[in-house]
Amino acid sequence: MSKHNRITAYIHLDAIAHNFHVMKENLREGVQMVAVIKTDGYGHGAVPIARMLESCDYIWGYAVAAVSEARQLREAGIVKPILVLGYTFEEDYAWMAQNGIRPTVFTVEMAQKFAECQTLLNKDSDAGRPAPVHLAVDTGMSRIGVSDTQEGLNTALAIAHMPSIFIEGVFTHFARADEKNKSAAIGQMKRFAAFCDRLEENGVGGFLRHCSNSAGILELPEANMDMVRAGITVYGIYPSDEMDREAIRLRPAMELKSHVVYCKKIPAGTPVSYGGTFVAEREMEVATIPAGYGDGYPRSLSNKGNVLIRGKRAPIIGRVCMDQFMVDVTGMGVQTLDEVTLLGRDGAEEITVDELGALSGRFPYEFVCDIGKRVPRTYCGA
């Protein structure tokens, strides 16, 4: 790492590869995996991760949340299937059909409009192939999806019989699989399985069933159907603190590093940073770190977070600014340009995303997703 980088996110691709391997080991033979790389790979970088996984035979493809994310992947040369998990808009359907992007469908109207785009595309080519879509089923999330009722089944059957499209996959999403008590998730799984069975009884078959998210992959093997969707666990983060961390050992994929840019002594009574929320009770040595909430490092860590310098914890003093913050390094022998670990390990000490999330009031998923675009990503360990 250059000593002149103000802040860098190091993304360990070998950790991501390890996390996929240990998850795969927990699946029965033949179950395929979807790499969920929405929100730019939860802040880790969707394109480098997808490139690493393109040759992996058990990776079916990728899941994103928006068409713009699918475009980024296709423009980078990614060829495996891409499923957009969220709502897609009519103006994007023609491009999606041309590029094999799978929409999530759950109303007759949206399926019809997508089918019409595929029909027009087929007229302009000799292929004439139907476009794959994935049907979302709401079994308890109350977000998107057809209901697992007769009305929902009627919608699904109408979609299944439309020309120019076919139902490649049917899926639902767990709302509470990351809890120790799995009864709610098991209830959703049973409802989903029953709905899929009813589809097959009505002549619609050959589709991929997928309902397991990260928590399901780790702790609900009966829900690992034809395919599973690996999300936060890809990045070495457990879905919640109720998960068993010993059964499957994940490796964190992201580290945040910076450097000390200024050291000075301040006398007792000196306030530090905006609002004077910290006042030195004694003579102190203070180091300035060139990172802040403009980089996604939370202001809510003011006066309570820590960083690692020379293998020791240095507490944040005063408010975290947009681009800088200060830490107490009294007696540590710190010098300008010493490396600073904001997230990750230095010697025997480690700062985890769970710790930072708890201190800042941010969900660990949110913490990594919010690391800003001005923070360069450096990829290592591939």
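**Exercise 1. The largest pocket**

Task: State the volume of the largest pocket in this predicted model and describe the residues that line the pocket.

Solution.
Step 1. The volume of the largest pocket comes to about 630 Å³.
Step 2. Its lining is made up of 29 residues, and those nearest the centre are K38, R143, H173, F174 and N213.
Step 3. Two or more lining residues come from each of the elements α2 (38–42), β6 (131–138) and α9 (214–219). The element that gives the most is β6, with three residues.
Step 4. Sorted by class, the lining holds 17 nonpolar, six polar and six charged residues.

**Exercise 2. The second largest pocket**

Task: Determine how much space lies in the second largest pocket, and which elements supply at least two residues of its lining.

Solution.
Step 1. The space in the second largest pocket is about 510 Å³.
Step 2. There are 25 lining residues, with G236, L250, R251, P252 and E350 nearest the centre of this pocket.
Step 3. At least two lining residues each are supplied by two helices, α1 (13–24) and α10 (353–360), and by the strands β11 (254–259), β19 (339–346) and β20 (349–351). Strand β19 gives the most, namely three residues.
Step 4. The class division of this lining is twelve nonpolar, six polar and seven charged residues.

**Exercise 3. Three strands in succession**

Task: Trace the pairing of β16, β17 and β18, and identify the bridge partners of V307 and I316.

Solution.
Step 1. Strand β16 (residues 306–309) runs antiparallel to strand β17 (residues 312–317), and four bridges join the two.
Step 2. Within this pairing, V307 has A314 of β17 as its bridge partner.
Step 3. Two residues lie between the strands of the β16 and β17 hairpin, where R310 has a positive phi near 55°.
Step 4. Strand β17 also pairs with strand β18 (residues 325–328), again in the antiparallel sense, through two bridges.
Step 5. The bridge partner of I316 is V327, which belongs to β18.

**Exercise 4. Aromatic rings**

Task: Report how many aromatic pairs the whole structure contains, and classify the pair Y87 and F89 and the pair F363 and Y365.

Solution.
Step 1. A search of the whole structure yields seven aromatic pairs.
Step 2. For Y87 and F89, the ring centres are 4.8 Å apart and the planes stand at 80°; because planes over 60 degrees apart count as edge-to-face, the pair falls in that class.
Step 3. Both residues of this pair are partly exposed: Y87 has a relative accessible area of 43%, and F89 has a relative accessibility of 44%.
Step 4. For F363 and Y365, the ring centres are 4.3 Å apart and the planes stand at 10°; this angle is under 30 degrees, so the pair is stacked.
Step 5. F363 is partly exposed at 42% relative accessibility, and Y365 is partly exposed with a relative accessible area of 22%.
Step 6. F363 and Y365 also belong to a cluster, in which ring pairs link them with Y42 and Y235.

**Exercise 5. A charge over a ring**

Task: Find the ring over whose face R71 lies, and give the distance.

Solution.
Step 1. The ring is that of W95.
Step 2. R71 lies over its face, at 4.4 Å from the ring centre.

**Exercise 6. Positive phi angles**

Task: Locate D40 and S142, and explain what sets their phi values apart.

Solution.
Step 1. The general expectation is that most residues other than glycine have a negative phi.
Step 2. D40 has a positive phi, near 50°, and this residue is found in helix α2.
Step 3. S142 likewise has a positive phi, near 55°, but its place is the loop between β6 and β7 (146–147).
Step 4. With a relative accessible area of 63%, S142 passes the 50% limit and is therefore exposed.

**Exercise 7. The setting of V170**

Task: Decide whether V170 is buried or exposed, and relate its position to that of V105.

Solution.
Step 1. V170 is part of strand β8 (residues 165–171).
Step 2. Its relative accessibility is 0%, which is under 20%, so V170 counts as buried.
Step 3. V170 is 65 residues from V105 in sequence, while the C-alpha atoms of the two residues are 9.7 Å apart in space.

Technical notes. Residues numbered from 1 in each chain as written. Predicted model: local features only at pLDDT ≥ 70, side-chain atom pairs only at ≥ 80, totals over all residues. Heavy atoms only, no water. Pairing = 2+ DSSP bridges. 1 Å grid on protein atoms, 1.4 Å probe; cavity = no way out; pocket = protein on both sides within 12 Å on 5 of 7 lines; lining within 4 Å. Points joined across faces, edges and corners; volume = space filled by probe spheres on them. Nonpolar A, V, L, I, M, F, W, Y, C, P; charged D, E, K, R; others polar. Phe/Tyr/Trp six-rings, centres within 6.5 Å; stacked < 30°, edge-to-face > 60°. Buried < 20%, exposed > 50% of the residue type's maximum accessible area, 1.4 Å probe, protein only. Lys NZ or Arg CZ within 6 Å of the ring centre and 35° of its normal.
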